[in-house]
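Student: I would like to go through this model slowly, one question at a time. Could you help me read it?

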Amino acid sequence: MSDQTLNPETMPEQPERATLEGKNKFLGFWFFLGGETVLFASLFGTYLALRNSTNDGPGAEELFGLELVFVMTMLLLTSSLTSVYAMYHMKNNSFGKMQLWLGITVLLGLGFLGCELYEFYHYIHGEGFTLRSSAFGSAFYTLVGFHGGHVTFGLLWIIALMVRNAKRGLNLYNAPKFYIASLYWHFIDVVWVFIFTVVYLMGVI
Amino acid sequence: MSTAVAQKKGFGAFIWDYLTTVDHKKIAHLYLVAGGLFFLVGGLEALLIRIQLIKPDNDFVSAGFYNELLTMHGTTMIFLAAMPLIFAIMNAVVPLQIGARDVAFPFLNSLGFWLFLFGGLILNCGWFLGGAPDAGWTAYAPLSTVSPGHGVDFYVLGLQISGAGTLIGGINFLVTIINMRAPGMTYMRMPLFTWTALVTSTLILFAFPALTVGLFLLMFDRLFGSGFFNASMGGNSVIWEHLFWIFGHPEVYILILPAFGVFSDVLSTFSKKRLFGYTAMVFATTLIGFLGFMVWAHHMFATGLGPAANSIFAIATMAIAVPTGIKIFNWLFTLWGGTITINSAMLWALGFIPSFTIGGTTGVMLAAAAADYQYHDTYFVVAHFHYVIVGGVVFGLFAAMHYWWPKMFGKVLNETLGQITFWTFFTGFHLTFFIQHFLGLMGMPRRYWTFLPGQHLETGNLVSSIGAFLMAIGAIVFVINVIYTSVKAPKVSGDPWDGRTLEWSIPSPPPHYNFKQTPLVRGLDPLWIEKMEGRKGITPAEPLDDIHMPNPSILPFIMSLGLFIAGFGFIYQVDNLSYLWLVILGMGITLGCMLTRSVKDDLGHHIHKEDLEKEGAEQ
Ligand code: HEM
Ligand SMILES: [Cu+2]
């Protein structure tokens, strides 16, 4: 693959799928997300089975408040939107704007993560509610923690891509990389919508 | 660059070549050797089990050691022998059958292998570090959560790491088959082995994450004090059973479908006919794959899910016998009226049909939930699953090795030794397992360390143990055959069987770019079509041009090594928190490699047209 083919004069309409490597990455990543769906489905199933097994410890109703979680949901939903803007600018080949919107995405993601850490800290030190409190505690921290781990990984990934390509701009080699990172980000967002509903809303109502 | 490495002949260069290779054909060799070694280890464990059970009240091994042997035999055979051997065949054959030069993700292909290998090593480290896993290959909680020592921790971490490798391998083959087919290779022209590889990869993708989660929960319970399966904390051990079998039942189809594909290709080649009912075969394969996800609770009939759940799962399970039956009849009709050649590969295929049919029949018996209360956890179940797994999967692997050995190594396996292997193994197999049906019906429970005298179980167990030794002899003869063939046998042409599919249109072993010119596929059995029209080879789809190839890399190896190190950290941090440093070190290595991979461009290299023309002149 030569430099010319990767840096064409005009970017094709779908730079993420213009090369065979790009097409493979695109499809492979969708499949990966399929596997991730089963992973989270299994975690949700486990959580649903154990959500009332509080072992006389604190349960969902006592613990959860919706204010912070609402803020977190807004942060993450907005970050999904900003990553859509980033991809829009990628397709228009305006690299600077793409980086800008990705940067905003990262900031929103960091905000989300900060809130989550604060929430966990509060449960553990304020309420004495931990992974070892009860089966409910185990299921809660595992499900929400897996999601948090995904957010962390996604942030590191997007930051690495932004730093690596800051100087050289967009080409057909890195366009698929940006694209699948944003796909991953959307996926994390969708999972959060389910966590918000199943864990928090169903927990307090 | 890789050609330069290949030309240096030294041993160090040879090892380095394999450590860094991203060539699917060499990765196939790696899977074959590693899977073959684990197969021998698992076989040895089986022999020790059968020696223990050769007579009543035996104390050849201790009860605790017996549990370890039994657990490791099952775990090794499924995860470290059958799976990698299937990946070996898929790697060796699928890209060639679809006319591709490599897989979609050569780097991930290599990563998948090294993850599997290091996971397998962790699993077996238990033997030397205070005791192997001993809670059965199904690791039911709470037995597995309270099993003392680190045995089950090795199971958890080992399977977690090798499972990640399998998942990566599955995604790789999915994308390869969907995106990398040669021009004209439509879905309904794909050889059946490729079809089964596609469906198996889909099953891997959707089944393995359930195991991943199950293993995480087990790990957290054992190592971090969570309470998923701990009733005193409100936990529920049935969750493990569900997660395990949501993975576990699709897993048995992951194993058997590629074997079905092998038999389809072998039977059609050696009957000199196109596969009978090709469309129905494809349909049956996908239907089996689909239904495979709806039947997991047939392993839990005795758990107490209630009559409604049991009935639904019983009926769904019996339904799978329908597409399976379709396949059996199509194989028979492929033979019907064919010009049949009987050689080693064909013998395995012919031996498979009745053996597997017996296993399928006992499967339907087990699926009758009410009756399963009697069969469950007896030797009847052991007989059932060995009939399908040995009579299906292992026979399939033997058939595949005899059939594709010339393609992989350029030499045909010795026919006499091949037939000796088949007849000893085949006889030994039926001796070992047929009688276990009756032992089970007479009430002998599975997984017990000894049995009592005077309960009419002596003869059956003795016969079974004798059969096991015959199977061992068969396996040893196969190893001798491999050595003999690589030393003595002459090189053969690219098409020793008068084949029908694309892999037989190129030299054996294939050059590392596989196809000098991408082939043009004009129908099912493309090579046969060309032969019928009097041409010698496949019509190319493109003029000779530069070929783009991926670069080798050591990163997959180091990445997997990192997880191996971290695995030990996780296991031992319960004893001493300073082991967390190992976790940090190992994860650091792995994440560092991932970062390197992400930021360092890897554009591959080109083989130039002029060099290809030169090579063509030499051949
Ligand atoms: C017609 C198709 C089949 C049916 C109806 C069927 C049905 C069953 C049922 C009901 C059980 C549970 C028995 C019990 O524990 O009480 C079982 C166990 C098992 N089957 Fe099958 N089966 C079929 C094909 C296969 C195939 C193709 C494989 C593998 C290649 C397989 C591998 C196993 C294994 C490994 C177990 C035992 C698992 C364990 O408890 O350790 N089966 N089968
Ligand atoms: Cu099953």
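Student: How are the donor residues of the copper ion (ligand 2) spaced in sequence?

Tutor: This is a predicted model, in which local features need pLDDT of at least 70 and side-chain atom pairs count only at pLDDT 80 or more, while totals for chains, interfaces and linings use all residues. Residues are numbered from 1 along each chain as its sequence is written, chains are lettered from A and ligands numbered from 1 in the order in which they are written, and side-chain values use heavy atoms, with hydrogens and water left out. The protein donors (N, O and S atoms within 2.8 Å of the metal, or 3.2 Å for Na, K and Ca; water is not among the atoms, so sites may look incomplete) are B:H249 (ND1), B:H298 (NE2) and B:H299 (NE2), at 1.8 to 2.0 Å from the copper ion. Written as a pattern, their spacing in sequence is H-x48-H-H.

Student: How many residues apart in sequence are the parts that B:H249 and B:H298 tie together?

Tutor: B:H249 belongs to helix 9 (residues 238-271) of chain B, whereas B:H298 sits in the loop between helix 10 (278-291) and helix 11 (307-335) of that chain. Helices here are DSSP runs of H or I with at least four residues, and strands are runs of E with at least two, numbered from the N terminus. The pair therefore ties together parts whose separation in sequence is 49 residues.

Student: Which residue is the single protein donor of the iron atom of ligand 1?

Tutor: The iron atom of ligand 1 and the copper ion (ligand 2) are separated by 4.5 Å. The donor we want lies in helix 14 (residues 379-409) of chain B. Its NE2 atom is 2.1 Å away from the iron, and the residue is B:H384.

Student: How much area do chain A and chain B bury between them?

Tutor: Contact means heavy atoms within 4.5 Å, and 38 residues of chain A are in contact with 41 residues of chain B. Buried area is the accessible area (1.4 Å probe) that two parts lose on being put together, summed over both. For these two chains 70% of that area is on carbon and sulfur atoms, and the total is about 3100 Å².

Student: Which residue of chain B meets A:R164 in a salt bridge?

Tutor: A salt bridge is a side-chain nitrogen of Lys or Arg within 4 Å of a carboxyl oxygen of Asp or Glu, and the rule finds two across the interface of chain A and chain B. In one of them the N to O distance from the side chain of A:R164 is 3.5 Å, and the partner is B:D601.

Student: Which helix of chain A gives the most residues to the side that touches chain B?

Tutor: Chain A has seven helices and zero strands. Two of the helices, helix 2 (20-50) and helix 6 (135-165), each supply at least two residues of the side that touches chain B. The greatest contribution, 18 residues, comes from helix 2.

Student: What is the average pLDDT of chain B?

Tutor: pLDDT is the predictor's confidence in each residue, from 0 to 100. Over residues 1-6 of chain B the value stays under 50. Nevertheless, 98% of the residues of chain B score at least 70, and the chain averages 95.
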